[in-house]
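Reader: Please take one strand of this model and go through it closely. I would like to know how it is covered, what it pairs with and what is packed around it.

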Amino acid sequence: MNDDGLRCGCAGATVWFTGLPGSGKTTIAQALADALRERRHRVEILDGDPRYATLPTGPARDDPHRHTERTGLAAEVLARNGFLTLVSATAPGAAGRAAVRRRHEASGTPYVEIHLDAPRSVCAKRRPAEEEPGPAAPPPPDEAYEPPPDPDLRLTTHHMSITQTAAAVYALLADKGVVRSRCPGPTDENTPDADPLAGQGA
């Protein structure tokens with residue numbers, strides 16, 4: 001990676017997208033990453049989608065709590081070293097996500113939790129039928145998922161376009177001072193008729 005991303009002068013942070021499989025985590029993280037890179041931010045994505053497999057692997061993948069904590073450690077190290085780190089991971093347990101937040105707070109590293117909230121029925125339709133668990137993905141956590149009671153931002157992705165969702169997250173980061181300006185991309189004022197994330201996977 002070159003140093004072009006350092007031109008924005010912003011510090012690192014972790015943006016954690018949590019939600020059921022199929023809620024749009026991967027799609028939204030990638031869209032946000034594109035917007036951030038256009039503004040010269042240093043961006044890394046840690047993705048739990050088995051098609052991308054960028055999260056820590058090993059025995060902890062069979063223990064969702066440990067998997068979340070290991071992912072949180074990787075994210076915190078990247079963020080502490082100046083990267084805007086976008087984590088696309090279900091992280092089903094509230095305790096694991098709380099531990100990640102505490103780790104960031106202990107090092108003074110900005111941490112933002114985004115809950116992508118979509119009904120199970122919608123998420124099930126979005127997930128490709130041929131999708132198989134990959135080496136970096138913990139067991140399907142659909143039934144065990146504990147939604148965050150007080151995330152920094154909760155978005156109903158089945159009522160928003162990809163652009164709307166990414167812009168909302170960018171605006172929150174601007175409000176928190178993580179980035180210096182808002183996303184310049186267009187927004188659609190109307191709720192789309194069709195599910196904009198259908199067929200997009202995680």
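Author: Both faces of strand E3 are covered: Leu84, Leu86 and Ser88 on one side and Thr85 and Val87 on the other are all buried. Buried means under 20% relative accessible area, with exposed over 50% and partly exposed in between, using a 1.4 Å probe and protein chains only. In a regular strand, side chains alternate between the two faces of the sheet. E3 spans residues 84-88, and five of its five residues are buried. Strands (E, at least two residues) and helices (H or I, at least four) are DSSP runs, numbered from the N terminus.

This is a predicted model, where local features need pLDDT of at least 70 and side-chain atom pairs count only at pLDDT 80 or more, while totals for chains, interfaces and linings use all residues. Residues are numbered from 1 along each chain as its sequence is written, and side-chain values use heavy atoms, leaving out hydrogens and water.

Next, the partners. Strand E1 (residues 13-18) runs parallel to E3, joined to it by five bridges; two strands pair if DSSP finds at least two bridges between them. Within this pairing, Thr14 has Thr85 as its bridge partner. Strand E2 (residues 43-47) also pairs with E3 in the parallel sense, over five bridges, and here Ile45 is matched with Leu86.

Leu86 also belongs to the largest nonpolar core, which has 26 residues; Leu86, Phe17, Ile114 and Val169 have the most contacts inside it. A nonpolar core is a set of buried Ala, Val, Leu, Ile, Met, Phe, Trp, Tyr and Cys residues joined through side-chain atoms within 4.5 Å. The elements giving two or more residues to this core include E1, E2, E3 and helix H1 (25-38). H1 gives the most, with six residues. Ile114 touches Val15, Trp16, Phe17, Thr18, Leu153, Leu155, Val169 and Leu172, not counting residues up to four places away in sequence; contact means heavy atoms within 4.5 Å. A second, separate core of eight residues includes Val87, together with Trp16, Ala75 and Tyr111.

Thr14, the partner of Thr85, is also one of the residues in contact with Glu76, leaving aside neighbours of Glu76 within four places in sequence. Glu76 is found in helix H2 (residues 64-80) and is buried, with a relative accessible area of 3%.

Finally, the charged end of Arg42 sits over the ring of Phe83, 4.1 Å from its centre. The criterion is NZ of Lys or CZ of Arg within 6 Å of the ring centre and within 35 degrees of the ring normal.
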